[in-house]
Amino acid sequence: RRAEEGFRRFFDYAPVGIVMVDGEGIIVETNPAFQAMTHLEGDGHAVSLLDLVQERDREVVVQNLQAARRGEHPDKPLEVALSGESAAVVQLYARRTDGSGRGETPSDLIVYIVDTTEIKNLESQIAQSQKMQAVGQLAGGIAHDFNNLLTAMIGFSDLLLQRHSPGDQSFSDIMQIKQNANRAANLVRQLLAFSRRQTLQPKVLNLTDV
């Protein structure tokens, strides 16, 4: 009786889902964590474990349960998505009971289920962050090269302005080229500051003093 009470406490208070299933994958017994994870009504008895998994993952679950019944326990857990609105991502561990096939236990398999939805979301956020970092590095590299081209354009514009006086017909066109090149250079500087993670601090200046 003491052993049974100890097992019951371990079974009921476990933070991971624990479910016992028969040879057909029908649920025999579950713990509260599993019921909360799968939003089962009642104790889930006579419900197929496969019905709680999304259809695309059911075939691999069947293969995993069959392998567990043969005593083949994979080193890595099986990752599947639960059905229902939550669509939680879980890791599934299936183990054969000692009395399997001899009528000593009411179930053939014990399945442990760990909810990894939050971990998956964090992995997705990290991957997105790495992509953004790569984009920043790429933008910084392109901006640096583009800044060199603009420096050359502005320099050649200055040389042309020395040859063409303000009354020359080409003077206004050259000035437009230089002004637009300077605007582009300002945008490039902002890209470089973004890629270097510099903090931009605009200041109010007195144009007369400058």
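This report describes the fold of a single chain, its sheet, and several residues examined individually. The structure is a predicted model.

**Overall form**

The chain has 210 residues, and 29% of them count as buried. Its secondary structure comes to five helices and five strands, which follow one another along the sequence in the pattern α-β-β-α-α-β-β-β-α-α. The radius of gyration is 34 Å, whereas a compact globule of 210 residues would have a value near 17 Å. Taken along the principal axes, the C-alpha atoms fill a box of roughly 105 × 35 × 25 Å. The accessible surface amounts to about 14600 Å², with 53% of that area belonging to carbon and sulfur atoms. When contacts between residues at least 6 apart in sequence are considered, 42% join residues at least 24 apart.

A pair of residues illustrates how far apart parts of the chain can lie. L205 is located in the segment after α5 (171–195). Between L205 and N31 there are 69 Å in space, C-alpha to C-alpha, with a sequence separation of 174 residues. L205 counts as exposed, because its relative accessibility is 60% and the threshold for that class is over 50%.

**The sheet**

The five strands form an open sheet in the order β2-β1-β5-β4-β3, with antiparallel pairing. Its edges are β2 (27–30) and β3 (78–81), each of which pairs on one side only. From one strand to the next, the twist averages 30°. In general, strands of a sheet pair through backbone hydrogen bonds, either parallel or antiparallel.

Helix α3 (residues 58–69) packs on this sheet and touches β3, β4 (89–96) and β5 (109–115). The direction of helix α3 makes about 25° with that of β4.

Three of the strand pairings are set out below.

| Strand pair | Bridges | Sense | Citation |
|---|---|---|---|
| β1 and β2 | three | antiparallel | |
| β3 and β4 | four | antiparallel | |
| β4 and β5 | seven | antiparallel | |

Individual residue pairs can be placed within these pairings. Strand β1 spans residues 17–21. M20 has E29 in β2 as its bridge partner, and V19 has T30 in β2. The hairpin of β1 and β2 has five residues between the strands, and G25 takes a positive phi near 85° there. Elsewhere in the sheet, L78 stands opposite L92 in β4, and Y93 stands opposite Y112 in β5.

**T30 in the edge strand**

T30 belongs to strand β2, which is one of the edge strands. T30 is nevertheless buried, because its relative accessible area is 7%, and the limit for that class is under 20%. The side chain of T30 forms a polar contact of 2.8 Å with the side chain of Q35. On the strand side, the bridge between V19 and T30 links this residue to its neighbour in the sheet.

**T38 in helix α2**

T38 is placed in helix α2 (residues 32–38). A relative accessibility of 13% is the reason why T38 counts as buried. Apart from neighbours within four places in sequence, T38 is in contact with L52 and L82. The C-alpha atoms of T38 and L52 are separated by 6.9 Å, although the two residues are 14 residues apart along the chain. The side chain of T38 also reaches the backbone oxygen of F34, at 2.7 Å.

**S157 in helix α4**

S157 lies in helix α4 (residues 117–163). S157 counts as buried because its relative accessibility is 4%. A polar atom of the S157 side chain lies 2.8 Å from the backbone oxygen of M153. Leaving aside neighbours within four places in sequence, the contacts of S157 are with I174, I177 and K178. These three residues fall within the range of helix α5 (171–195).

**Residues in summary**

T30, in strand β2, has a polar side-chain contact with Q35. For T38 and S157, the side chain instead approaches a backbone oxygen, that of F34 in the case of T38 and that of M153 in the case of S157. L205, by contrast, counts as exposed.

Methods. Residues numbered from 1 in each chain as written. Predicted model: local features only at pLDDT ≥ 70, side-chain atom pairs only at ≥ 80, totals over all residues. Heavy atoms only, no water. Pairing = 2+ DSSP bridges. Helix = DSSP H or I, 4+ residues; strand = E, 2+ residues; numbered from the N terminus. Axes fitted to C-alpha atoms, helices over the stretch in contact; angles between N-to-C directions. Contact = heavy atoms within 4.5 Å. Rg over C-alpha atoms; globule rule 2.2 N^0.38 Å. Buried < 20%, exposed > 50% of the residue type's maximum accessible area, 1.4 Å probe, protein only. Areas by Shrake-Rupley, 256 points an atom, 1.4 Å probe, with all protein chains shown as cover. Polar contact = N/O pair within 3.5 Å; in protein donor to acceptor, adjacent residues only side chain to side chain.
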